[in-house]
Amino acid sequence: MRSIASTALILVAATTTSAAPRTLKLCFVIPFDGSYQQVALGGMLAAEHINSDNYDFVSSNALVGSQTLKDLQIELETIAQGTKTETYDAVEQCVNNGGVGVIGPAYSSRSVVLSQYLLRQRHIPAISFSATSPDLSDAGLYPYFSRTIIPDNNIAFAVVDFIQ
């Protein structure tokens with residue numbers, strides 16, 4: 001849960017410019033099957049935890065942009081990750097309705113499409129917890145994309161080193 005909460009704080013810091021109290025709407029793109037159900041629950045619990053002003057991983061007086069955490073509320077719109085087109089359309093609708101950042105998508109193929117087009121054009125930051133395509137490491141093509149997991153090519157090098 002701390003990883004997802006930290007992810008939310010990164011997006012908050014990237015999108016916070018006003019000193020007035022505000023609610024930040026984040027688009028949380030996730031498949032609702034298999035092991036991702038736990039990630040979905042963790043994301044919702046992290047947002048609830050941040051909104052409760054009852055957290056111990058960072059001081060409530062810590063500045064995020066020009067605001068303290070106690071001045072912020074997180075609205076997490078969960079989006080069921082579907083096909084590339086369904087995911088793109090759902091995230092576009094979330095952004096059109098006030099979304100200022102994206103957590104996810106879980107799959108690299110969805111992250112590539114969203115990051116190359118919608119997010120890049122609208123200057124919306126995204127952070128994925130499981131998109132591992134090495135292509136997404138190209139900051140020139142994906143300037144608003146980041147991730148909390150290492151790319152596949154780095155995993156392969158680690159496996160080779162371990163085996164040797």
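Is Thr87 buried or exposed? Keep that question in mind while you get your bearings; the model on your screen is a predicted one.

**The whole chain**

Start with a cartoon view of the protein. You should be able to find 5 helices and 7 strands. Trace the elements from the N terminus and they come in the order α-β-α-β-β-β-α-β-α-β-β-α. The protein has 164 residues, and buried ones make up 42% of them. Now think about which parts of the chain touch. Among contacts with a separation of 6 or more, 63% are between residues 24 or more positions apart. Switch on the surface, and you are looking at about 8400 Å² of exposed area, with 54% of it supplied by carbon and sulfur atoms.

**Stop 1: Thr87**

Select Thr87, which sits in helix 3, the stretch of residues 84-96. Here is the reply to the opening question: Thr87 counts as buried because its relative accessibility is 1%, and the cut-off for buried is under 20%. What is Thr87 in contact with, leaving aside its neighbours within four places in sequence? Show Val29, Gln81, Gly82, Pro105, Arg110 and Leu114, and you have the set.

**Stop 2: the disulfide**

Stay with helix 3 and select Cys94, then add Cys27. A disulfide joins these two cysteines, with 2.1 Å from S to S. The count of disulfides comes to 1. Cys27 belongs to strand 1 (residues 22-30) while Cys94 belongs to helix 3, so look at how the link brings together distant parts of the chain, 67 residues apart. Is this link buried or exposed at its two ends? Both Cys27 and Cys94 are buried. If your viewer shows torsion angles, check the S-S bond: the angle about it is -95 degrees, and the link is left-handed.

**Stop 3: the aromatic rings**

How many aromatic pairs does the structure hold? There are 3 of them, and this tour visits two. A pair of aromatic rings is described by how far apart the centres are and by the angle of the planes.

Go back to strand 1 and select Phe28, together with Phe129. Their rings form an edge-to-face pair, 6.3 Å centre to centre with 65 degrees between the planes. Phe129 is in the loop between strand 6 (126-128) and strand 7, so this pair ties together parts 101 residues apart in sequence. Both Phe28 and Phe129 are buried.

Next, select Tyr36 and Tyr107. This pair is also edge-to-face, at 6.0 Å centre to centre and 70 degrees between the planes. Tyr36 is in helix 2 (residues 36-51), and Tyr107 is in the loop between strand 5 (99-103) and helix 4 (108-122); the two are 71 residues apart. Tyr107 counts as partly exposed because its relative accessibility is 30%. Now show the four residues together: Phe28, Tyr36, Tyr107 and Phe129 form one aromatic cluster.

**Stop 4: a patch on the surface**

For the last stop, bring back the surface and colour Ile149, Ile150, Ile155, Val159, Phe162 and Ile163. These residues make a nonpolar surface patch of about 600 Å². Pick out Ile150, which is found in the loop between strand 7 (145-147) and helix 5 (152-163). Why does Ile150 count as partly exposed? Its relative accessibility is 44%, and partly exposed covers the range between the 20% and 50% cut-offs.

Note on methods:
Residues are numbered from 1 along each chain as its sequence is written. This is a predicted model: local features need pLDDT of at least 70, side-chain atom pairs count only at pLDDT 80 or more; totals for chains, interfaces and linings use all residues. Side-chain values use heavy atoms; hydrogens and water are left out. Helices (H or I, at least four residues) and strands (E, at least two) are DSSP runs, numbered from the N terminus. Buried means under 20% relative accessible area, exposed over 50%, partly exposed in between (1.4 Å probe, protein chains only). Contact means heavy atoms within 4.5 Å. A disulfide is a pair of cysteine sulfur atoms within 2.5 Å. Accessible areas come from the Shrake-Rupley method with a 1.4 Å probe; for residues, only the protein chains shown count as cover. Patches are made of residues with over 30% relative accessible area and no salt bridge: like charges are joined within 9 Å, nonpolar side chains (Val, Leu, Ile, Met, Phe, Trp, Tyr) within 5 Å. A salt bridge is a side-chain nitrogen of Lys or Arg within 4 Å of a carboxyl oxygen of Asp or Glu. Rings of Phe, Tyr and Trp (its six-membered ring) pair if their centres lie within 6.5 Å; planes under 30 degrees apart count as stacked, over 60 as edge-to-face and the rest as tilted.
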